[in-house]
Amino acid sequence: MRPTQVLNGGGAPNWKAGHWLGDWGSFGGAKQKGIILYGISANRQNPTAGMVHDAIFNTFRRTKGQLFYWLPPLVAGYYLMQWATERNHYLQSKAGRAEFGDDAE
């Protein structure tokens with residue numbers, strides 16, 4: 001079994017493995033043909049195209065996906081605070097003090 005080119009050092013030429021192209025950045029091979037790249041300048045692009053539309057629908061989609069993670073604790077916390085507030089009002093009332101507390105009279 002012979003070692004692979006990576007085990008031999010990777011960047012060093014190995015004439016048994018085939019044609020040596022060179023190190024990264026200077027491959028030294030023939031120019032490739034038939035590959036065309038098109039680009040547009042950053043000044044000519046419209047970075048805000050569709051921003052409002054995407055923000056509305058993306059927010060709806062993400063909220064819909066997380067709704068059942070935060071809605072039940074929110075509802076439970078609301079009802080717990082509502083119960084605690086009503087209970088506190090009762091305990092601080094005349095009837096509540098007579099039932100549970102201050103027998104100093």
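About 10400 Å² of the protein chain is exposed, and 61% of that comes from carbon and sulfur atoms (areas follow the Shrake-Rupley method with a 1.4 Å probe, and for residues only the protein chains shown count as cover). The model is a predicted one, with local features needing pLDDT of at least 70, side-chain atom pairs counting only at pLDDT 80 or more, and totals for chains, interfaces and linings using all residues. Residues are numbered from 1 along each chain as its sequence is written, and side-chain values use heavy atoms, with hydrogens and water left out.

Of the 105 residues in the protein chain, just 3% are buried (under 20% relative accessible area, with exposed meaning over 50% and partly exposed in between; 1.4 Å probe, protein chains only). As for secondary structure, the tally is two helices and zero strands (DSSP runs numbered from the N terminus: helices are H or I with at least four residues, strands are E with at least two).

Helix 1 covers residues 51-91 and includes Tyr78. Tyr78 is exposed at 52% relative accessible area, and Tyr79 is exposed too, at 56%. There is one aromatic pair in the structure. Its ring centres, those of Tyr78 and Tyr79, lie 5.6 Å apart with the planes at 75°, so this counts as edge-to-face (centres within 6.5 Å for Phe, Tyr and the six-membered ring of Trp; planes under 30 degrees apart are stacked, over 60 edge-to-face, the rest tilted). Both tyrosines also join Trp70, Leu71, Leu74 and Val75 in a nonpolar surface patch of about 630 Å².

Leu91 also belongs to helix 1, and is partly exposed at 30% relative accessible area. Setting aside residues up to four places away in sequence, Leu91 touches Gly96, Arg97 and Phe100 (heavy atoms within 4.5 Å). Leu91 and Gly101 sit 10 residues apart in sequence, with 8.2 Å between their C-alpha atoms. Phe100 has another partner: the charged end of Arg87 sits over its ring, 5.0 Å from the centre (NZ of Lys or CZ of Arg within 6 Å of the ring centre and within 35 degrees of the ring normal).

Technical notes: Patch = residues over 30% accessible without salt bridge, like charges linked within 9 Å, V, L, I, M, F, W, Y side chains within 5 Å. Salt bridge = Lys/Arg side-chain N within 4 Å of Asp/Glu carboxyl O.
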